[in-house]
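The following exercises practise the reading of a protein model. Each task is followed by a solution in steps.

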Amino acid sequence: MPEKGKTSKKGKAAETEISPSRSVSACSRNIIMAYVSVPKDLTKVKNKVILNLTKRQVICLTAAAAIGLPFYFFTRGYIGTSNATSCMVLLMLPAFLFAMYEKDGMPLEKILFNVIRVKLSRSAVRRYEVENLYEPKKDAAGLKIQKKGEGKHAAKKGYTS
C-alpha cells in the first residue's frame, strides 16, 4: 500500500492517494491546508484583549484585585492569614461573578436588573380584565352614562336596539 500523499513505485501513471487534510496541486505537489472552524453565530464571538480575556473581564478582575489584595495585606496581621484569605475571596467574589458569569448572552448585571424589575417593581398577580362594549357604562355613583344619540328622541331616530 503506498503512503498517503505520495505516488506508488510503479511509475507516474499510478494513482495518488490523498488524505482529507491534503490536496494535490497541478504540478503534483502536496500542499497542507489549514482548517479553521468558523462559528455560525457571530454574536458569541468576543474580542480578546489580554491573556485571552475580554476588556470587560480585565476591568472587573483589576477591580477585584484592587479591593482584595490591599484588604489581605492590611488584615493578615490582625485576623490571621487564613481568615484574611477567606475574607479577601468573599470581597473579590462579586467582581469575579460580574466578569465571568453570562447566561443567554446577557451579563450578570442585566440578569439581576431583569430579576429585580420582574420581582419587585411589577405585581405578581396580573388580573385579566375585559371591557364589555355592549354593557352600558356607569359613573362612580352608579348612574348610566348616556352615549351620543341616546337622548330623549333616540327611539324616533332609530338609535335604540
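Patches are made of residues with over 30% relative accessible area and no salt bridge, where like charges are joined within 9 Å and nonpolar side chains (Val, Leu, Ile, Met, Phe, Trp, Tyr) within 5 Å. Accessible areas come from the Shrake-Rupley method with a 1.4 Å probe, and for residues only the protein chains shown count as cover. The model is predicted: local features need pLDDT of at least 70, side-chain atom pairs count only at pLDDT 80 or more, and totals for chains, interfaces and linings use all residues. Residues are numbered from 1 along each chain as its sequence is written, and side-chain values use heavy atoms, with hydrogens and water left out.

**Exercise 1. Identify the nonpolar patch on the surface and state its accessible area.**

Step 1. The patch consists of L90, L93, F96, L97 and Y101. Together these residues have about 470 Å² of accessible area.

Step 2. F96 lies in helix α2. Helices (H or I, at least four residues) and strands (E, at least two) are DSSP runs, numbered from the N terminus.

Step 3. F96 has 35% relative accessibility and counts as partly exposed. Buried means under 20% relative accessible area, exposed over 50%, and partly exposed in between (1.4 Å probe, protein chains only).

Step 4. For the chain as a whole, about 14800 Å² is exposed, and carbon and sulfur atoms supply 60% of this area.

**Exercise 2. Describe the order of helices and strands along the chain.**

Step 1. The chain contains 4 helices and 4 strands.

Step 2. Starting at the N terminus, the elements follow the order β-β-α-α-β-β-α-α.

**Exercise 3. Determine which residues form the largest nonpolar core and which helix gives the most to it.**

Step 1. A nonpolar core is a set of buried Ala, Val, Leu, Ile, Met, Phe, Trp, Tyr and Cys residues joined through side-chain atoms within 4.5 Å.

Step 2. The largest such core has 6 residues, namely A64, Y72, A84, M88, M92 and A95. At least two of its residues come from each of α1 and α2 (81-100). Helix α2 gives the most, with 4 residues.

Step 3. Leaving aside residues up to four places away in sequence, M92 touches A64, A65 and G68. Contact means heavy atoms within 4.5 Å.

Step 4. In soluble globular proteins, nonpolar side chains tend to be buried together. Here, buried residues make up 13% of the 161 residues in the chain.

**Exercise 4. Find the salt bridge and state which parts of the chain the pair links.**

Step 1. A salt bridge is a side-chain nitrogen of Lys or Arg within 4 Å of a carboxyl oxygen of Asp or Glu.

Step 2. The structure holds 1 salt bridge. Its partners are the side chains of R56 and E109, at 2.7 Å from N to O. The pair links distant parts of the chain: R56 belongs to helix α1 (residues 55-79) and E109 to helix α3 (residues 108-119), 53 residues apart.

Step 3. R56 is partly exposed at a relative accessible area of 32%, and E109 is partly exposed at 34%.

**Exercise 5. Is Q57 buried or exposed, and which residues does Q57 touch?**

Step 1. Q57 is located in helix α1. Its relative accessibility is 15%, so Q57 counts as buried.

Step 2. Not counting residues up to four places away in sequence, Q57 touches A99 and M100.
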